[in-house]
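Here is a set of short exercises to work through with the model open beside you. Try each task on your own before you read its solution.

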Amino acid sequence: MPVSTRSARFSAKRDAILDAACALFLEQGYAAASMDAVAARAGVSKATIYAHFTDKDDLFGAVIRMRCERNRTFAPVGPALDARATLTMIGRRLLDLLLQPDTLAMYRLVTAEAPRQPELARAFYESGPATGKAEIARMLTELGHRGLLAVEDPWRMADLFTGMLRADLFMRTLLGLPQPESSSIEQTVAAAVETMLRAFAPTRTTAQSLAG
């Protein structure tokens, strides 16, 4: 069998496992979803699952990463965009992801299971929020290199930006509460972007240094 064919089959099985695991985690919860059930739903053997993932924590982390990748939340942003356009695109992508029903269900699942399954909380944080913040920090660093933002601590900046996005709109949606008419993705993103631009506007010295 050609290498490309084997690689495609390997990738297809991995995707099937991830889709099955995601569905079962959301339907049954992390603790109740067994590897046997994942194998049956995916149409593979349990040995095949362990050929791709070391354990259930590893599988759960991969599910979180898959969701981010499929939604292109942290796909590269065009280098020609200015700071406002870049931050707005990042903010919309992230908030779109956070407000999806499956994402909200995953947040609720982890919150409920975390006291009993601290490794689950760790896998979720490292594969979701931490990875996302790292990618946003990288994009902020690029804006700093271009002289469009004053960037000294990109991780802290990413934390502030994502914190503003996970504000009232996200919290109300997570809790199943009605939204005020004045609340929208566009308004939430615009407010966060405007705050970032004002707080981290490049200094004249920085701009002159890059120009020189």
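**Exercise 1. Place Leu177 in the chain and decide how much of it is open to solvent.**

Solution. Begin with the secondary structure of this predicted model. Leu177 sits in the loop that runs between helix 10 (168-175) and helix 11 (185-199). Next, take its relative accessibility, which is 43%. Buried requires under 20% and exposed requires over 50%, so Leu177 counts as partly exposed. Finally, look at its surroundings on the surface: Leu177 joins Met171 and Leu175 in a nonpolar surface patch of about 280 Å².

**Exercise 2. Describe the overall architecture of the protein chain.**

Solution. Start by counting elements: there are twelve helices and zero strands. Written along the sequence, the pattern is therefore α-α-α-α-α-α-α-α-α-α-α-α. Then turn to burial, where 40% of the 212 residues in the chain are buried. For the surface, the chain exposes about 11,300 Å², and carbon and sulfur atoms supply 55% of that area. Last, consider the contacts with a separation of 6 or more: residues 24 or more positions apart account for 67% of them.

**Exercise 3. Find which residues touch the most other members of the largest nonpolar core, and which helix gives the most to it.**

Solution. The core has 57 residues, and those touching the most other members are Phe25, Leu59, Phe60, Leu140, Leu149 and Phe161. Helix 1 (residues 3-28) gives the most to this core, with seven residues. A general tendency is worth recalling here: in soluble globular proteins, nonpolar side chains tend to be buried together. Now take Leu59 as a worked case. Setting aside neighbours within four places in sequence, its contacts are Ile17, Leu18, Ala21, Phe25, Met35, Val38 and Phe53.

**Exercise 4. Is Lys133 buried or exposed, and what does its side chain pair with?**

Solution. First locate the residue: Lys133 belongs to helix 8 (residues 129-145). Its relative accessibility is 8%. Because the limit for buried is under 20%, Lys133 counts as buried. Next, inspect the side chain, which makes a polar contact of 2.6 Å with the side chain of Asp159. To complete the picture, list the residues in contact with Lys133, apart from neighbours within four places in sequence: Trp155, Ala158, Asp159, Thr162 and Arg166.

**Exercise 5. How many salt bridges does a search of the whole structure find, and which parts of the chain do they connect?**

Solution. The search finds eight salt bridges. Three of the pairs are worked through below.

*Asp36 and Lys46.* The closest N and O atoms of this pair are 3.2 Å apart. Asp36 is in helix 2 (residues 35-42) and Lys46 is in helix 3 (residues 46-52), so the bridge ties together parts that are ten residues apart in sequence. As for accessibility, Asp36 is partly exposed at 48%, and Lys46 is partly exposed at 36%.

*Glu194 and Arg84.* Here the closest N and O atoms are 3.0 Å apart. Glu194 lies in helix 11 and Arg84 in helix 5 (residues 83-98), so this pair ties together parts 110 residues apart in sequence. Glu194 is partly exposed, with 26% relative accessibility, and Arg84 is partly exposed too, with 41%. Follow the links one step further and you reach Arg198, which is connected with Arg84 and Glu194 in a network of salt bridges.

*Arg172 and Asp168.* The N to O distance in this salt bridge is 3.0 Å. Both residues lie in helix 10, four residues apart, or about one turn of the helix. Arg172 has 26% relative accessibility and counts as partly exposed; Asp168, at 43%, also counts as partly exposed.

**Exercise 6. How far apart are Ala112 and Gly29, in sequence and in space?**

Solution. Start with Ala112, which is part of helix 6 (residues 101-113). With a relative accessible area of 44%, Ala112 is partly exposed. Now compare the two separations: Ala112 and Gly29 are 83 residues apart in sequence, while their C-alpha atoms are 9.2 Å apart in space.

Definitions and conventions. Residues numbered from 1 in each chain as written. Predicted model: local features only at pLDDT ≥ 70, side-chain atom pairs only at ≥ 80, totals over all residues. Heavy atoms only, no water. Helix = DSSP H or I, 4+ residues; strand = E, 2+ residues; numbered from the N terminus. Buried < 20%, exposed > 50% of the residue type's maximum accessible area, 1.4 Å probe, protein only. Polar contact = N/O pair within 3.5 Å; in protein donor to acceptor, adjacent residues only side chain to side chain. Contact = heavy atoms within 4.5 Å. Patch = residues over 30% accessible without salt bridge, like charges linked within 9 Å, V, L, I, M, F, W, Y side chains within 5 Å. Areas by Shrake-Rupley, 256 points an atom, 1.4 Å probe, with all protein chains shown as cover. Salt bridge = Lys/Arg side-chain N within 4 Å of Asp/Glu carboxyl O. Core = buried A, V, L, I, M, F, W, Y, C linked by side-chain atoms within 4.5 Å.
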